[in-house]
Amino acid sequence: MEQRVLRFETQAGVRIYSLPVEVFPQFYANVYLVVADSTICLIDTGSGHGNSNRDLLAGFVALQDQWGERLSLADVNQIILTHAHIDHFGGLPFVRQFTQAPTAIHIADRRVITNYDGRLLFASKALSRFLRHAGVSAAQHQHLMGMYLQNKEAFQTAPIEQTFEDGDRLCDLFDVVYTPGHCPGQVCLRLDEVLFSADHILARTAPHLAPEMITPGTGLEHYIWGLQQVARLDGIELTLGGHEQPIENLPKRLEHIFASNQRKIERISDLLKAQPQTVAQLSASMYRGLQGYDELLGIEKVGAFVEYLYLRGYVRPVNIAPDDDDRDPINVVYELF
Ligand SMILES: [Zn+2]
Ligand SMILES: [Zn+2]
């Protein structure tokens, strides 16, 4: 698929280029290059997998061919990562072959990059516990864990020079809007009337959500809070996501996302009203026929919604017996109440 570099310019004259990179087969992410007076900032790096690095370099060639912008990766003097998912940070070691630019990320996601192996161990144990809680069969557990760990060893821990938090201003250009949920350290970056919305808000699809039971700082509760932070921003005229096309009408897109979350909550409530069941059973009803990694993502997503309903007191587990051992509950059946 032919992907073109898009160019935008803010009212203050800052130039923004959107470089499409194929981060996984047939799955694209947007890397942004922001060119201001003294700042040449790369927002995200692609995955480093497959065609991603090649596409990133091709994007810089297209900058010149399409837009006459004579810049290369070596000119980049700041790297900002919107969150620590591999499709956004995996290209970091490749980018660093060209530039010594410092890399910045939200404090809550730093460990994923600076302590990659340790964090992976923690996260995979937590995922394993969650899958047992969710009620997947032993064979399915083994299958899903195997899929989760596939290719995960490819990234090597890398240094991070700078961290930031909500409200910080970066490069005297970007205001950080903390929007956890999809990832603990997910941020949106405001540059005047432009919002870089990363994976928090996308033009067509909803970002993946997993329950906080796996990773604190994720989950539906945080995600909705993050949407509310964005809904409060005034004067955003263009929203540029980490995937998919630009969003012209942010309030309308937000309205659609809030409504879609509500529909999912109602669907899960209806299924639980009909019959108490596990997260895995709910997921099988909601996302019939999902295969491969999508099956794992479906169970995680339903887990995030059920957890939200539990935290709000709308559902409760029915089959956890008082017990004096400290094993984690497994095959937990939820009911509406
Ligand atoms: Zn992501
Ligand atoms: Zn992404």
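Two strands pair if DSSP finds at least two bridges between them. With that in mind, here are four close-up views of this predicted model.

**View 1. Strand 11 and strand 12 run side by side in the parallel sense.** Four bridges join strand 11 to strand 12. To find one of the contacts for yourself, start at Val 194: its bridge partner in strand 12 is Leu 238.

**View 2. Five strands form an open sheet.** Follow the strands across in the order 8-9-10-11-12, and you will meet mixed pairing along the way. At the edges lie strand 8 (169-170) and strand 12 (238-241), each of which pairs on one side only.

**View 3. Four residues hold the zinc ion (ligand 2).** Look for Asp 87 (OD), His 88 (NE2), Asp 199 (OD) and His 243 (NE2), which coordinate the ion at 2.1 to 2.2 Å. Along the chain, these donors of the zinc ion (ligand 2) are spaced as D-H-x110-D-x43-H. The arrangement counts as irregular because the angles between the four donor atoms run from 89 to 154°, while a tetrahedral site needs all angles between 85 and 135 degrees.

**View 4. Asp 199 coordinates two zinc ions.** The zinc ion (ligand 1) and the zinc ion (ligand 2) sit 3.4 Å apart, with Asp 199 coordinating both. Together, His 88 and Asp 199 link distant parts of the chain, 111 residues apart. His 88 belongs to helix 2 (residues 86-89), whereas Asp 199 lies in the loop between strand 11 (194-198) and helix 7 (220-231). Are these two residues, His 88 and Asp 199, buried or exposed? Both His 88 and Asp 199 are buried.

Definitions and conventions: Residues numbered from 1 in each chain as written. Chains lettered and ligands numbered in written order. Predicted model: local features only at pLDDT ≥ 70, side-chain atom pairs only at ≥ 80, totals over all residues. Heavy atoms only, no water. Donors = N, O, S within 2.8 Å, 3.2 Å for Na, K, Ca; no water. Tetrahedral: all angles 85-135°; square planar, octahedral: opposite > 155°, others 65-115°. Helix = DSSP H or I, 4+ residues; strand = E, 2+ residues; numbered from the N terminus. Buried < 20%, exposed > 50% of the residue type's maximum accessible area, 1.4 Å probe, protein only.
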